[in-house]
Amino acid sequence: MSSLPLGNDNDLDDTQFYNRVEEILFISDNLELTEKGSTPTILLTGIRGVGKTAMMKKLKKDFKEDYVVVYMDLAGMDKFKEDDKLTRSCFMRLFYECIIKACRESNIITIDAQILKYFKTRNFKLDRLESIDKIPLPILKSDEDYAKFTTFVMDLPQQIYDDCKDNISGVLIFIDEFQLLKQLDDNVNDFLWYIRSIIQSQKHIGYIFSGSMNVKDELIADIAGQKGAFGGRILSYEIKTFSFDTTRNYLAEKANYLKFTDDGFERFYKCTNGNPYYVNSFARLLPPNEELNEEKIISEFKKTLPYLLVNLTNEWYKLNNQEQRIIAALVEKPLKRIEIANKLGVTSGAIGASLKSLQNKTLIELDKDGFRIYDSIFKTWLKNEYGEKGDYPY
Ligand SMILES: Nc1ncnc2c1ncn2[C@@H]1O[C@H](COP(=O)(O)OP(=O)(O)OP(=O)(O)O)[C@@H](O)[C@H]1O
Ligand SMILES: [Mg+2]
């Protein structure tokens, strides 16, 4: 019945991908500077579920006829972990894999044979070429090999452009879930400066960094702030939630079997905040061809909350006791670190690690009023649980 995309489907086809006309135009205009030899660098921000990934996948489709488009989701670094450590090396291996994949997907160039040539000219001491999904990967034996591999990978996009420039207008690199860099065991800021130093010398390569980051996030300051690694030369662009009218038109067009009354729709918008993830997920669960008035929406919302929040509640149940208690402490209002510590009956120093970990998972954020719960719908769920059961779901 429903033609609305699932809340976790971010590879939308043209009939599913709605609106975002201005956003696409603006970003595309900037990416196209790549063709002229520039190195546009864009920081795409926006809250969780607003449609950053969907947008990058759409851009990838739009650009792939003329460009090699590398899409890299940093969550993929996990599979390269060694001794449970997330290092720059995990980043490099993933980056390498994604570049090769992009070249293979591209129907404008072929570079497989060249890769081996690149390895040779770089003089790698190769133990053997190991293949992951048939992608040649050198075995790195020493730190020196690792350093060489890093330079090799970082230079690869430029190398590909230079070799294929008759066929392509440039190489575009989209790095998603960029906030996961915060989980690196190495110094993130050093790494950002390193990346910047490479990008600075490149031509015909364009970058988008994106992730669920709050504008006040310390990583954003490290990237785009005045003293940040890319300060002054990165374009920050925030994707906003759907407006009231956009949401209304969207559902009228794609789900006209939903019979909202005016106040029913107003309530729907309040419940979802126009966040496309919640709009799709909630709308898909509403009964078709039935009057949806305010009362009905309120009761449906209560009923479906656990489904809408399935990702976040999963994360909630994985938290340790202190982390859960910190979040519970923030349900009523934002609190300063010392206030949280007082509520928990511990010293301020004792909650440092938990606060950091919750911030890294984008469950809480810090602004001038203190720490707050990042997702307001998640906060509503906790409030409801408390209201119904007299305690939080520990
Ligand atoms: N332009 C769009 N038209 C219709 N639905 C959309 C659009 N953009 C996003 N959505 C819906 O919202 C969901 C979330 O989008 P997406 O995964 O791109 O968000 P995100 O900003 O990348 O979130 P996260 O920060 O969690 O990675 C999609 O699965 C899809 O259902
Ligand atoms: Mg995403």
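A polar contact is a pair of N or O atoms within 3.5 Å, and the side chain of Asn280 meets that criterion with ligand 1, since one of its N or O atoms is 2.7 Å from an oxygen atom of the ligand. The model discussed here is predicted, and its protein chain is divided into domain 1 (21–238), domain 2 (244–308) and domain 3 (317–389). The points below take up the surroundings of ligand 1, then the domains, the aromatic side chains and two residues with a positive phi.

**Ligand 1 and its shell**

- Ligand 1 is surrounded by 24 residues, and the closest of these are Asp9, Lys52, Thr53, Ala54 and Ser212.
- By character, the residues of this shell divide into 10 nonpolar, nine polar and five charged.
- Beside the side-chain contact of Asn280, there are contacts through the backbone: a polar backbone atom of Leu6 is 2.9 Å from an oxygen atom of ligand 1, and a backbone N or O atom of Tyr277 lies 3.3 Å from an oxygen atom of the ligand.
- On its own, ligand 1 has 630 Å² of accessible area, of which the protein covers 93%.
- Two helices, α2 (52–63) and α10 (276–285), each supply at least two residues of the shell around ligand 1.

**Domains**

- At least three residues of the shell around ligand 1 come from each of domain 1 (21–238) and domain 2 (244–308).
- The centres of domain 1 and domain 2, taken over C-alpha atoms, are separated by 38 Å, although both domains contribute to the shell around ligand 1.

**Aromatic side chains**

- The structure holds 28 aromatic pairs, and one of them joins Tyr207 and Phe209 in a tilted arrangement, with 6.1 Å centre to centre and 45° between the planes.
- Both partners of this tilted pair are buried: Tyr207 counts as buried because its relative accessibility is 2%, and Phe209 counts as buried because its relative accessibility is 0%.
- Tyr392 and Tyr394 form an edge-to-face aromatic pair, for which the distance is 6.4 Å centre to centre and the angle between the planes is 65°.
- In this edge-to-face pair, Tyr392 has a relative accessibility of 13% and therefore counts as buried, whereas Tyr394 has a relative accessibility of 45% and therefore counts as partly exposed.
- One aromatic cluster is formed by Phe244, Phe260, Phe265, Phe268, Tyr269, Phe282 and Phe301.

**Residues with a positive phi**

- Most residues other than glycine have a negative phi.
- Arg20, a residue other than glycine, has a positive phi near 60°; this residue lies in the segment before α1 (21–31), and because its relative accessibility is 6%, Arg20 counts as buried.
- Asn273, likewise a residue other than glycine, has a positive phi near 55°, and its place in the chain is the loop between α9 (262–272) and α10.
- With a relative accessible area of 36%, Asn273 is partly exposed, because that class takes in values between the limit of under 20% for buried and that of over 50% for exposed.

Definitions and conventions: Residues are numbered from 1 along each chain as its sequence is written. Chains are lettered from A and ligands numbered from 1 in the order in which they are written. This is a predicted model: local features need pLDDT of at least 70, side-chain atom pairs count only at pLDDT 80 or more; totals for chains, interfaces and linings use all residues. Side-chain values use heavy atoms; hydrogens and water are left out. Rings of Phe, Tyr and Trp (its six-membered ring) pair if their centres lie within 6.5 Å; planes under 30 degrees apart count as stacked, over 60 as edge-to-face and the rest as tilted. Buried means under 20% relative accessible area, exposed over 50%, partly exposed in between (1.4 Å probe, protein chains only). A residue is near a molecule or strand if one of its heavy atoms lies within 4 Å of it. A polar contact is a pair of N or O atoms within 3.5 Å; within protein, one must be able to donate a hydrogen and the other to accept it, and residues adjacent in sequence count only if both atoms are side-chain atoms. Accessible areas come from the Shrake-Rupley method with a 1.4 Å probe; for residues, only the protein chains shown count as cover. Helices (H or I, at least four residues) and strands (E, at least two) are DSSP runs, numbered from the N terminus. Ala, Val, Leu, Ile, Met, Phe, Trp, Tyr, Cys and Pro count as nonpolar, Asp, Glu, Lys and Arg as charged, and the others, Gly among them, as polar. Domain bounds come from an automatic or database domain assignment.
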